[in-house]
Each structure stands twice: as structure tokens, then as C-alpha cells.
Amino acid sequence: MNPTIELLKSHRSIRKFKDQQIPRELFEDLIRAGQCAATSNHVQAYTIIHVVNPESRRKLAELAGGQTYVESCSDFLVFCADMKRATESAEKAGADVIRGMTEQLLVASIDAALIAQNVVVAAESEGLGICYIGGIRNNPQEVSDLLKLPEHVYPVFGLCLGYPDQQPEVKPRLPLAAILKQDAYDDSQDEHLVARFDDTMARYYRERTGGNKDTNWSEQLKPLFTSKLRPHMKEFLNKRGFGVK
């Protein structure tokens, strides 16, 4: 068995952490491992804010929708898409810089996701638990103000790191045939595959909750598509100098 593949396949989100701090040397090693992730044109269009102040952590937990594990984890990070450093460096080198391109938004957001996932894999290889916090985008302006983020920087998501105090099951994923297509996009079997996956998820939820949760994957998706999810993000990103051209 390949231990790296087995580690990746064992991922779970952890929302309950022990009162135990990650050693500083290990913490910094995780970030260095993150930096080794692929990055478009070596731009490294990210900045990570390590939030240590307890009051800031409390406020971020509130802004993210009351997610208390933001406060209780050993370390909380906010991964930011950052085009400020790169564009200013290019400008100082003599470039006539064009800001606000949608591609810059994509590059910086993808770079932030790639470094974060490297940090996650490194952390889990050390027995740590993680939980991504997309709720950071519930109130992105307030988060930006709290973290003093300048223009051309925006908070993409948060990340809880710590020693797990729970052992949840691995959540099932869609069948490989639903997401892996050969040569072209073919959805002829998707309806059947999704129906099978709905049955799998229904069993998972029933077993995990002792029969108290009667739902499936498709049902869980409904809130995402029956309301305008975070409609403030477009205006917010435009104000931050992203995605206007």
C-alpha cells in the first residue's frame, strides 16, 4: 500500500480539537511544505495570516457563522489571494502593470488553494486534523478590515489546524466514473451514478446519526442552488481590485 495515497484517501474534516499546541518548528515546517506547491509562473500569489490574538479568533469565528472550532483549534490561518506583492515587484522592475484582470483573480485564488492543500496534506501526515472555513467569505469586508488586508488582497478561506479530539468516518465521494471522463465530457451515465451515490450518502447519514438524519447528496445540494449564495462577493472583489477587466 502506498502510504501517501492511503493518507489522502483517509481525509476527514475535524471540528473538535485537543487543548494541545502544535510545536512552532512543526508549524513552520508545514508552511514551508505548503510553499512547495505548484504556483502559476512562480508568482506565489498568496499571503497567509496566522491569527493568534484570541479576540481576533473569536471575532473571526463569529463572522464565519459561529464556527467555534476557529477559536478552539491550535492554530488558525486565513489564506489570502495576493496580487499586491507581485504587481508591485513587477512595477519596480520597470513593467507598465495592468491591474484588475479576471485572470489575476483566478491565478491568485488557485495559488492560495494549492498552498493550503499542501499544508493540509503535510499536517495530516503528522497526525494533525484540519477544517477548511469557507465561512470567511460570509463577511469578507469585515474580515479584511480585521486583518488589515490592503487592496489587491482578499481572504479566500480559513483553515483550522490542531490535534484531533474526534475520529469521524471518511465521507463517501462520488463514483470515479461520475467525475473521470475519457476524451470528452459524457454525462450519459451521470443520472444513474448520482442515484447510486444518493443511496450511499443516505446510508452514511443514517448510520452516522443513528437514524436522525434522513437525506442524501442531492437533497443536501438544494440550499446551494435555491438562493443566491454570497451575492456580495462580486462587488467586494471589484472593490479589492480583482476581476474588473
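Colleague: How many residues of strand 3 are buried?

Modeller: Four of the five residues in strand 3 are buried, so the strand counts as mostly covered. This is a predicted model, and the values discussed here are computed from it.

Colleague: Which strands does the sheet contain, and in what order?

Modeller: The general idea comes before the case. Strands of a sheet pair through backbone hydrogen bonds, and the pairing is either parallel or antiparallel. Here four strands make an open sheet, ordered 1-2-4-3, with antiparallel pairing. Strand 1 (46-51) and strand 3 (129-133) are the edge strands, each pairing on one side only. From one strand to the next, the twist averages 25°.

Colleague: How many bridges join strand 3 to strand 4?

Modeller: Five bridges link strand 3 and strand 4 in the antiparallel sense. To find the register, look at Ile133, which stands opposite Gly158 in strand 4.

Colleague: And how many bridges join strand 2 to strand 4?

Modeller: Eight bridges join strand 2 (residues 75-82) to strand 4 (residues 153-162), and the two run antiparallel. For the register of this pair, Asp82 stands opposite Val153 in strand 4.

Colleague: Turning to helix 6, what does its span say?

Modeller: Helix 6 covers residues 102-125, which is 24 residues. From its first C-alpha to its last it reaches 35 Å, close to the 34 Å expected at 1.5 Å a residue. Just after helix 6, Gly127 takes a positive phi of about 85°.

Colleague: Which residues make the nonpolar surface patch?

Modeller: Begin with the helix in general. An α-helix has 3.6 residues a turn, so residues three or four places apart point the same way. In this structure, Leu106, Ile110 and Leu114 make a nonpolar surface patch of about 250 Å². Leu114 lies in helix 6.

Colleague: Why does Leu114 count as partly exposed?

Modeller: Leu114 has a relative accessibility of 35%. Partly exposed is the class between under 20%, which is buried, and over 50%, which is exposed, so Leu114 counts as partly exposed.

Colleague: Where is Asn53 found, and how is its accessibility read?

Modeller: Asn53 is found in the loop between strand 1 and helix 3 (54-63). With a relative accessible area of 42%, Asn53 is partly exposed.

Colleague: How far apart are Asn53 and Arg24 in sequence and in space?

Modeller: Asn53 and Arg24 are separated by 29 residues in sequence. In space, the C-alpha to C-alpha distance between Asn53 and Arg24 is 16 Å.

Methods. Residues numbered from 1 in each chain as written. Predicted model: local features only at pLDDT ≥ 70, side-chain atom pairs only at ≥ 80, totals over all residues. Heavy atoms only, no water. Expected span 1.5 Å × (residues − 1). Patch = residues over 30% accessible without salt bridge, like charges linked within 9 Å, V, L, I, M, F, W, Y side chains within 5 Å. Areas by Shrake-Rupley, 256 points an atom, 1.4 Å probe, with all protein chains shown as cover. Salt bridge = Lys/Arg side-chain N within 4 Å of Asp/Glu carboxyl O. Buried < 20%, exposed > 50% of the residue type's maximum accessible area, 1.4 Å probe, protein only. Pairing = 2+ DSSP bridges. Axes fitted to C-alpha atoms, helices over the stretch in contact; angles between N-to-C directions.
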